[in-house]
Each structure stands twice: as structure tokens, then as C-alpha cells.
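Here are the notes I promised on this model, written so that you can follow them with the structure open beside you. Please take the points in order and look up each residue as you come to it.

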Amino acid sequence: MLFTEKITHFAEAKQEIIISNKAAEFAADVLTTLSFTEPWGFVANQRDERDYLKSWRKGLPYFGVYNRWNSFRDYVLKNPTLSPYFLPSTSDKTGMGFLAFHADQAIKRREKKIQEANGDWQMENPDHSLYSCLEARHSDSSPLNSIKRRAHMTLIIQAGADTTGTAIGCTLRNLLTNPDVLHKARAEIGLADAANKLSRPIAYEESRRYLPYCGACIKESMRITPPTPNLLPRVVPPGGKQIGNVFVPGGTEVTSHSYVLSRDTTFYGPDADNFRPERWLEPGRANELESSLFTFSMGPRVCLGKDIVYMEMLEFLPEIIRNFDFRLLDVGKYVVAGGIGYNENFRVLLTRRPDKDRH
């Protein structure tokens, strides 16, 4: 795995790294690959390409405002005269503006190929969002326009790059601050490795099938440190809605706070604030816990990237734990801005584990 190769250089040089940033860069490369067929180079170049992650985090307070202030969204952001003062531009060389520009260029190149082939064209790699955007249709079978295609292409990156990195970083922090849990996870990996059940690198299906404790660690971390603790609001339909003992009028925005819900002692018990992955492996409890995990919201508005997040984490985390020992230098901070979480200054010193210790 390229990521393992790159951070091995830091381990050999005994150079500390902000592991939360490295995790976010890995996730950003995965998402840009899914969107554009090839990564931007976050991992290969070991940097925040085009300041994308920096731009995303800087804009989170603003993101929180316009997602919860309808009049600002409707009368300012949709106003062609006012919106340029608040929204990124495709002429930008960094951040969200460059992402939009890159998406525009990718769509235009594909549309040109389709036009040149007179409709007899097939994408060489249909397993990414660009293909989905080109194939998507409205209910009347008409295709999406270029603006909507761009929005669809950039959405998966905006929603899933840094948030997935946050989920990975938080799980690593929870493991490193609970050494007994890390020991159990590493022992599980070692047993599966010794039984020749794991590839190099570990595949998603192998992790899901043979590493249940590692999976429980991931779910438990998503519960107590969700990457999106304050979920986006929903508008109550006309006529209102009874929510519990409260009648909420139509047009009202309501939301739920996954950070609070996931620490409910009446459901999770008196240790709801504790990182205890074993709760996910208790007989008869797994289905109940799964159906109540609110990290990705629920129902028709469930996060579209939920499966991608789990896939990345189930492949990435066991592989890193298998290959490296960690010396914790600074636990850093779990920061929430605009309803979205991210990690700051989570610093570690890595040591490559000898082959004999990986079994």
C-alpha cells in the first residue's frame, strides 16, 4: 500500500507526524480517485494538495451558517450578484474553487469524447462518480446539466474526504489512549495473519469477516467521536409533525445531535461515555446497536458515503496497526466547527514493526 510505504520513511527517519492529517490525506486520495479515476496525489506527494483540506476546515463555520439559515441561502447564495462574494470561484487555484474547476474540466473532457463518438462510447472505468453523473437522469429522462453534474461530482469529496480522515484519526486516538484495546485488536490481527487469512494489504472482505474486534473498535469510535456530530437539519412538512411529546409546525427546521444521542445512558448503559468496543460483540446486542448508530443519520437521508467510509476504515486501520507501533506525543484536539468534526495536532512517532511481530 502506497500509504504504508510513504509513512515508513517517517518511521525510519524517526520523524514525528500529525497522523490525523495523514489519515485525511489518505481519505482525500481515495475520494478523488472515486470521482476522477485517479488520485490528486495527497499520499504520493505527502502534502495537502491545492490546500483542499485547509480550505475545507477554514470554511466549516460558514458552512454551518448557510446550512441552517434559509433566508441567507435562498436570497444571498442564489443571487448572481451577491453569491460571488461568498462562494468559491472556478478561477481559484486552491481549495473548493479548484475542486469545482477540476470537476468542470473532467466533465467537459468526457462530454467531448461522447460527442466525438456519436453516442457509441463506453467509459473505460465505469466504477466511479463521473460515470454516474454522466448517466444520471431526471424523472423525465433528461440528463443533468453541467452545473448539477459538477455538484454531484464534488459532493462525494466534500462530504467524505476530511470526515473519513476524522473518523480514522479519532479511532487511532481512541486505540492509543486505551492500550488494552489496542493490544486486543493487534492480537486479533496476528491470529488471523498466522492462519493465512489476511492479504498484504488487508482486503475489505477479509477485515469484515476475520477481524470482528477491529470492526467493533471502529463502530465504537464512530459512536463516541462522530465525524459529523451535528447532523444537517430537515424541514418539517406542511401540516406539522408530532415528534415525541412536542408538535412541531410545518416549515420548522429540526435536527439531531449524534454526539449526544450516542451517549444516552438509558440505551448504552452507565459507561456510555467510555470507549468499550466489547459492547458491539455482546450476544443479542449487535443488531440493536447497529440500528441505533446515528453517526450517518438514518432513513432516506442516510449519508451516501456510509459504505465507502466503512470500506476505507476496515482496510486502512488494521493494516496500519499491523505494520507500526505508535508512540503518542500529543493526543491533539477533536474540534467541531459548523457541525462537522476534525482533528488537530494529533502527533505520533512511528516504528515499523518487525515481520515476526506482525503475526
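The numbered points below go through cysteines, aromatic rings, charges over rings, enclosed and open spaces, and some backbone details.

1. Please keep in mind from the start that this is a predicted model, and that every value in these notes is computed from it.

2. How many disulfides does a search of the whole structure find? The search finds 0 disulfides. The pair to look at is C214 and C217, for the sulfur of C214 has its closest cysteine sulfur in C217, at 6.0 Å, and that is too far for a bond. A disulfide would need the two sulfur atoms within 2.5 Å. Seen from the other side, C217 is likewise in no disulfide, and the cysteine sulfur nearest to its own is that of C214, 6.0 Å away. As background, a disulfide is a covalent bond between the sulfur atoms of two cysteines.

3. Are these two cysteines buried or exposed? C214 has a relative accessible area of 6% and is therefore buried, and C217, with a relative accessible area of 2%, is buried as well. The cut-off behind these statements is that a residue counts as buried under 20% relative accessible area.

4. The aromatic pairs number 16. One of them is formed by F36 and W40, whose rings are stacked, with 6.3 Å from centre to centre and 10° between the planes. Both F36 and W40 are buried. In general, a pair of aromatic rings is described by the distance of the centres and the angle of the planes.

5. W40 also pairs with Y52, and here the ring centres are 6.5 Å apart while the planes stand at 85°, so this pair is edge-to-face. The pair links distant parts of the chain, since W40 is in the loop between helix 2 (19-36) and helix 3 (42-45), whereas Y52 belongs to helix 4 (residues 52-58), and the two are 12 residues apart. W40 has a relative accessible area of 13% and is buried, and Y52, at 1% relative accessibility, counts as buried too.

6. Which residues do ring pairs link into a cluster? The cluster is made up of W56, Y62, F63, Y66, W69, F72 and F86, and it is worth selecting these residues together in the viewer.

7. R50 deserves a paragraph of its own. This residue lies over the face of F98, at 3.9 Å from the ring centre. R50 is placed in the loop between helix 3 and helix 4, and its phi is positive, at about 55°, although R50 is not a glycine. With a relative accessible area of 37%, R50 is partly exposed. A further arginine, R352, lies over the face of F324, at 5.3 Å from the ring centre.

8. Turning to enclosed space, the structure holds 1 cavity of 30 Å³ or more, and the largest cavity has a volume of about 50 Å³. Its lining is formed by T171, L175, A185, C214, C217, I218, L317, P318 and I321, so you will meet the two cysteines of point 2 again here. Helix 9 (146-176), helix 12 (212-224) and helix 16 (306-323) each give at least two residues to this lining. By type, the lining of the largest cavity has 8 nonpolar residues, 1 polar residue and no charged ones.9. The second largest pocket has a volume of about 430 Å³. It is lined by 21 residues, and those closest to its centre are G215, K219, E290, Y310 and L314. The elements that supply two or more residues to this lining are helix 11 (204-210), helix 12, helix 15 (286-292) and helix 16. In the lining of the second largest pocket there are 13 nonpolar, 3 polar and 5 charged residues.

10. Two backbone details remain for you to check. A cis peptide bond, with omega at about 0°, joins R200 and P201, and P201 is located in the loop between helix 10 (179-194) and helix 11. S297, a residue other than glycine, has a positive phi near 65°. S297 is found in the loop between helix 15 and helix 16, and with a relative accessible area of 14% this serine is buried.

Definitions and conventions: Residues are numbered from 1 along each chain as its sequence is written. This is a predicted model: local features need pLDDT of at least 70, side-chain atom pairs count only at pLDDT 80 or more; totals for chains, interfaces and linings use all residues. Side-chain values use heavy atoms; hydrogens and water are left out. Buried means under 20% relative accessible area, exposed over 50%, partly exposed in between (1.4 Å probe, protein chains only). Rings of Phe, Tyr and Trp (its six-membered ring) pair if their centres lie within 6.5 Å; planes under 30 degrees apart count as stacked, over 60 as edge-to-face and the rest as tilted. Helices (H or I, at least four residues) and strands (E, at least two) are DSSP runs, numbered from the N terminus. A charge sits over a ring if NZ of Lys or CZ of Arg is within 6 Å of the ring centre and within 35 degrees of the ring normal. On a 1 Å grid over the protein atoms alone, a cavity is a set of points where a 1.4 Å probe fits but cannot get out, and a pocket is an open set with protein on both sides within 12 Å along at least five of seven lines; lining residues have an atom within 4 Å of a point. Grid points are joined across faces, edges and corners, and a volume is the space filled by probe spheres set on the points. Ala, Val, Leu, Ile, Met, Phe, Trp, Tyr, Cys and Pro count as nonpolar, Asp, Glu, Lys and Arg as charged, and the others, Gly among them, as polar.
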